[in-house]
Amino acid sequence: MPAAEPVAAPTAHTPPFSLDDPARVEAGKGRFGATCAAYCHGSGGVGGRAPSFKGRSDFVPAEAFKVISEGRRGTDIMPPWGKTFSQEQIWELVAYLQWLSTQAP
């Protein structure tokens, strides 16, 4: 009997679950509402001090994961959340943002 192939650990480029999982999208929505919406991204990700996530055809999950984890400096400033949230929690945020990107602006 051949040995089973090892399962790759999730990384910043590969989520540990399907980004379409409704439970993960809902968890991300809750976290987004509690930490991201009030000051920067607005309720439902429709703007505020940052661009809207709704209707974004250019949304790239791995890039979103990186920005949430590491933050961004320059004209668009975003604090890093990589020490506050686990990789799984950040991927849940990405799942919610991906879902938002499919919604009409």
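Begin by selecting arginine 72, which, once its neighbours within four places in sequence are left aside, is in contact with Val67, Ile77 and Met78. Arginine 72 has its place in the loop between α3 and α4, and with a relative accessible area of 40% it is partly exposed. Please keep in mind throughout the tour that this is a predicted model.

**The whole chain**

Now show the entire chain as a cartoon, where four helices and zero strands can be traced, following the pattern α-α-α-α when read along the sequence. Of the 105 residues in the chain, buried residues make up 31%. If you switch to a surface view, the chain exposes about 6,800 Å², and carbon and sulfur atoms supply 57% of that area. Among the contacts in the chain with a separation of 6 or more, 61% are accounted for by residues 24 or more positions apart.

**Helix α4**

Select residues 87-101, which form helix α4. This helix has 15 residues and reaches 21 Å from its first C-alpha to its last, close to the 21 Å expected at 1.5 Å a residue. Is α4 mostly covered, or is it mostly open? It is mostly covered, since 11 of its 15 residues are buried. Colour those buried residues if you wish; they are Ile90, Trp91, Glu92, Leu93, Val94, Ala95, Tyr96, Leu97, Gln98, Leu100 and Ser101. With α1 and α3 also displayed, you can look at the two helices against which the buried residues of α4 pack.

**The nonpolar core**

In soluble globular proteins, nonpolar side chains tend to be buried together. Here, the largest nonpolar core has 21 residues, and the members to select are Phe32, Ile68, Val94 and Leu97, which touch the most other members. The elements that give two or more residues to this core are α1, α3 and α4, and α4 gives the most, with eight residues.

Which residues does isoleucine 68 touch, not counting those up to four places away in sequence? They are Met78, Pro79, Pro80, Trp81, Gly82, Ile90, Leu93, Val94 and Leu97.

**Aromatic pairs**

Turn next to the rings, for the structure holds five aromatic pairs. Select phenylalanine 32 and phenylalanine 53, whose ring centres are 6.3 Å apart and whose planes stand at 80 degrees, so this pair is edge-to-face. Because phenylalanine 32 lies in helix α1 (residues 22-35) and phenylalanine 53 in the loop between α2 (37-41) and α3 (61-70), the pair ties together parts that are 21 residues apart in sequence. Phenylalanine 32 and phenylalanine 53 are both buried.

Then move to phenylalanine 65 and tryptophan 91, an aromatic pair that is stacked, with 4.6 Å from centre to centre and 25 degrees between the planes. Here, too, distant parts of the chain are linked, as phenylalanine 65 belongs to helix α3 and tryptophan 91 to helix α4, 26 residues apart. Both phenylalanine 65 and tryptophan 91 are buried.

To see how ring pairs can join up, display Phe32, Phe53, Tyr96 and Trp99 together, since ring pairs link these four residues into a cluster.

**Arginines over rings**

Two further selections show an arginine placed over an aromatic ring. With arginine 24 and phenylalanine 17 on screen, the arginine lies over the face of the ring, at 4.1 Å from the ring centre. With arginine 31 and phenylalanine 85, the charged end of the arginine sits over the ring, 5.6 Å from its centre.

**Two serines in loops**

Finish with two serines, beginning with serine 43, which is found in the loop between α2 and α3. Is serine 43 buried or exposed? Its relative accessibility is 62%, and because exposed means over 50%, serine 43 counts as exposed. If you draw a distance from the C-alpha atom of serine 43 to that of phenylalanine 32, the separation is 8.9 Å, although the two residues are 11 residues apart along the chain.

The other stop is serine 86, in the loop between α3 and α4, which counts as partly exposed at 34% relative accessibility. Its C-alpha atom is separated by 9.2 Å from that of serine 69, and the two serines are 17 residues apart along the chain.

Definitions and conventions: Residues numbered from 1 in each chain as written. Predicted model: local features only at pLDDT ≥ 70, side-chain atom pairs only at ≥ 80, totals over all residues. Heavy atoms only, no water. Phe/Tyr/Trp six-rings, centres within 6.5 Å; stacked < 30°, edge-to-face > 60°. Buried < 20%, exposed > 50% of the residue type's maximum accessible area, 1.4 Å probe, protein only. Lys NZ or Arg CZ within 6 Å of the ring centre and 35° of its normal. Expected span 1.5 Å × (residues − 1). Contact = heavy atoms within 4.5 Å. Core = buried A, V, L, I, M, F, W, Y, C linked by side-chain atoms within 4.5 Å. Areas by Shrake-Rupley, 256 points an atom, 1.4 Å probe, with all protein chains shown as cover.
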